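Let's walk through this structure together, starting with a pair of strands and ending where two chains meet. Keep the view open as you read.

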Amino acid sequence: MRFRHFPAIPNAQFNPIRFAIVYKPRKRFPGAALACLLAVVIGFTGTAQAQHYQGKRITFLINYTAGGPTDIEGRIVARHLGKHIAGNPGIVVKNMPGAGGIAGTNFMGEVARPDGLTVAFFGPPLTQQLLQDSGLRVDLSEFVWLGGIGLPLVCFIRKDAGTGIDSAENLLELDGFRVAGLRPTTSLDLRMRMALDLLGARYRYVSGYRGLANAVAGIMQNEVQFSCGTILTFRQIVEPNLIGPGLAVALWYFPATGPDGSQMRDARLEGIPTFIDVHERLKGRKPEGRLYDAFRMINNYAVAMQRASFVPAGTPDEAVDALRSAWEALPRDEDFVSDYIRLVKAPPALVQATAVRAHVEAMRAIEPDTAAFIREFVRRQ
Amino acid sequence: MFDAVLNGLVAVAAWPAIGYLFLGVLLGLWFGAVPGLSGLVGLAILVPFTFAMEPAPALAFLLGAFAVTTTSDTIASVLLGIPGTAASQATILDGYPMAMRGEASRAFGAAFTVSAIGGLLGAAVLGVSIPLVQPLILSFTQAEVFMLCLLGLAMVGSLSGNSVLLGLVAALIGLGLSYVGYSENGALPRYWLGATYLLEGLPLIPVVLGLFALPELIGLAARGSTVSNVPRERISSGIATGIGDALRNWWLVLRSTAIGAYVGMLPGLGGSIVDWVAYGHAVQSSKNNENFGKGDVRGVIAPETANNAMKGGALIPTIAFGIPGSAAMAILMGALLIQGMTPGPEMLTTRLDVTFSLVWMLAIANVAGALILMLLARHIARVTFIRGHLLVPVIVLFVFMGAWLANSSIGDWAVLLLFGILGYLMKQGGVPRPPLVLGFVIGPIMENALFITNSVHDGLDWLARPICLVIGALIVGSIVFGARRRRPTRVQATEGARRAHTGSDTQRGQTDPTTALLATGLLLAASVYGLAPTFSWPADVGQIPMLTFIPAIVFCLAALWHSVRELRQARAAGSDIFPGRTEMGEAGRLYLWWFGVLAATILAGQLIALPVFAALYLTFRGGYPWWAGLLYAAGSVSFLYLVFDRIVAVLWYPSLLFH
């Protein structure tokens, strides 16, 4: 997986019109002919893409309520994506919340027309698919994936929890601190509990908080002491209310890992240790075993595609190409990046279609034993 | 602090911020006035326009719109008995009966005056309370929230008219309905009937529109006459009377402001129940409360003051802690973040001037919105003198599209129509509907708070927390006080004057014993259905529904026995035991029309189905010439296209013919 960070690589895309004007033919025929052919093919594809969206309006569907983290990010993407789509279509944002993101997903699989005019920007319900949620009626791997945004998860704790804590080193000395979760089936809760179990921490799990903002309120009230949030909510809510005033301390973040177990550190979270580092320091070894395998699998797709964009299966190729090109152009769009930085206080980690697709496939190919293990873990709350 | 207040005012008064504020006010008035659009939809539509603006004009634009939706939502509540937004549900109870008496102008005069005062004083209360805000919010953990929910439920007595038994039944059923979908600890969906639509629970707006709007529509269509039962020339009261009412009840206005500002401050609770709490308080604290529900102007004043005063309160946890108390506040927080402002405690200290500029925006917008509506009130009130058949198609359009905006699913219409039937039976049978809505709104907050509190605390030690004790005392006081107030009413009740207390319910006086039997029978069946699966669920999922449905069954049985007795008495007395049969026939016919709209939508989409309904209804049911029907349909298409397609960008139903 590759994250593309700001500052962006300069646009190196081929421009057929510019090519036609400035290119001076040489005498070597095959090269010139090939170049012309290429120009015609690319030019034709560009025209087809432009024709597809000319004068059209795209509905950008978000599967969570207006005002939530997914919605805020989605609206920023929607604002900038349109200008990179050939044909410059208008984009309107619509929310279809419900059932932890499942309602919108079912809509995309069952109702939305595959015409490229309904584009999803979702917090994809991958964990629900993994847990075989009875409400989810569509297979996520059937969708045509366009790209995504990666958001690592940062965990934090009140400094006065138990006998007091100022770093992860004395976490294991604490007895019975309370952990704020959302729902037992969310990837956030699963990773949070799995990580604490891997460390052997003694904690009490309290689920039911409606969003991280409420969990932070619970921590401010000392009703609970520990929770985790994506970098977005960490920067927006946790840092100003908990870390800044010295009420809490960031313990670790969960990095994505490669097939060999290597960590993909996130430059945006410099100064905060990774969970693997903390585990190594506290337990003298890297995490391993079945619980860690399950954690790693969930964490990898959750970090890489906390948000992901897709269209229904059967969407015409010219629409998919136009949308993927636009998605690829986003990291180089300085207006988009500066808007995003203003919001998240960190540059976006955009993930392209191939990487997103690979995560969906990996999740689908999960061993039945591991899936059963995770389901059992949820039940054991 | 005084500097911060002044600097805040200067920031708002500067051009172009003040211009955008007024533009926002005009748009907000529109969003509040159209049922279903609400402040939430309005803000979601307006936010993208602010991305490129400077912070002060952007926030002025959004807060201008946000502030006044609860001022203009009074229009639909009073004129049509339909809540303009979720915050004006309680206004219906007395506002609509006033309109039926021809006193819509008076209701508007009172409502707009107190909206301005509430908004202004709410902002002032907020300014004065800023040093208290942090400790207040931080001391309200989930245990206190649970106790507050119980206090809200103690209002049931005030909202139940003369039958506390039926009020309790309705409140428990409301709680029960709120359990549909995923349980609060998430692992198991309840009562979802295999429909993904129900996994997230029943949506509030279609439920409320079904319960309140459809029964009124049936009444309007059956009568065929105007909303007002009194001819225009015989109306003596007007806007000035309403303003006088508002000023005369200054003490109630002040108390409702305090309720709005402080309850509004509590994240996740305030906005949803503040109008009910204020209404309940008005009933409980009034010496002569027998006119509540029959068009008492105090029933309009209390909720309309509180729902505007609440806006400032709701702003505080959003900007001070980044904890948005509602979806609309979440959107506003998103806008703040996009403008580069990070919510946090410094908004109450070093950046207090920014906070005060937001408070000023709310205050100015509230006054401006009320003044604009005051100028228009006399003209708006004329709607109550338009013939009913001319109003029915346009109300159907608003109600159906308002419900559709909940999830853009045909399930929204199914919920609307089903709750329309329930609402109609409850209305005719004298079962009060407000407690059901109160239970439905409070249910998920209460269950969630109880679940977290039980997970956090061992045993019931949380009950000894100081604020819990204070709220507990208020609950006991509220029940005792309510019971003492009720005593004379009980005597009346034994005299056979049991009357419903739900807005227009009371207009008919005696309820229909057969429909009462049907309604209680239906609620009993729902309770039994609700209880049955709870025995096989894990304790943390099934316990609360079980504790709800067991008393619901007991109370339903008692109410059923009471209904049977009334039926026998009526038969023995030789009076008609089913006086509502004629109107029920009309209700059946209207429902056939609506099923037609549903079928036509599935076939050809709303853009065709709703205008065709308008044309056919007007021609065949209203008796108007065919060209009038066509003109009406053309107007409906234009409205649907311009407002819902172009502005709201609604996701239309993917019809069989035009998908």
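**From a strand pair to the interface**

In strand β2 of chain A, A:Asn95 is the residue that stands opposite A:Ile62. This is a predicted model, so please read what follows in that light. The two strands concerned, β1 (residues 57-62) and β2 (residues 90-95) of chain A, run parallel and are joined by six bridges. Add helix α3 (residues 69-81) of chain A, and β1(A), α3(A) and β2(A) make up a right-handed β-α-β unit.

Now turn to where chain A meets chain B. Here 50 residues of chain A and 54 residues of chain B take part in the contact. The size of an interface is often given as the accessible area lost when the parts come together. For chains A and B, the buried area is about 4500 Å², with carbon and sulfur atoms giving 57% of that. Two salt bridges are found across this interface. One of the residues of β1(A), A:Arg57, forms a salt bridge with B:Asp645, and their closest N and O atoms are 3.7 Å apart. Among the elements that give two or more residues to this side of chain A are β1, α3, β2, α7 and α8. The largest share comes from α8(A), with five residues.

Helix α7 (residues 212-220) of chain A deserves a closer look: eight of its nine residues are buried, including A:Leu212, A:Val216 and A:Met220. Their cover includes β5, β6, β8 and α8 of chain A, together with α6 and α14 of chain B. After α7(A) comes A:Asn222, whose phi is positive, near 60 degrees.

Notes. Residues are numbered from 1 along each chain as its sequence is written. Chains are lettered from A and ligands numbered from 1 in the order in which they are written. This is a predicted model: local features need pLDDT of at least 70, side-chain atom pairs count only at pLDDT 80 or more; totals for chains, interfaces and linings use all residues. Side-chain values use heavy atoms; hydrogens and water are left out. Buried means under 20% relative accessible area, exposed over 50%, partly exposed in between (1.4 Å probe, protein chains only). Helices (H or I, at least four residues) and strands (E, at least two) are DSSP runs, numbered from the N terminus. Contact means heavy atoms within 4.5 Å. Two strands pair if DSSP finds at least two bridges between them. A crossover is right-handed if, with the strands pointing away from the viewer, the path from the first strand over the helix to the second runs clockwise. Buried area is the accessible area (1.4 Å probe) that two parts lose on being put together, summed over both. A salt bridge is a side-chain nitrogen of Lys or Arg within 4 Å of a carboxyl oxygen of Asp or Glu.
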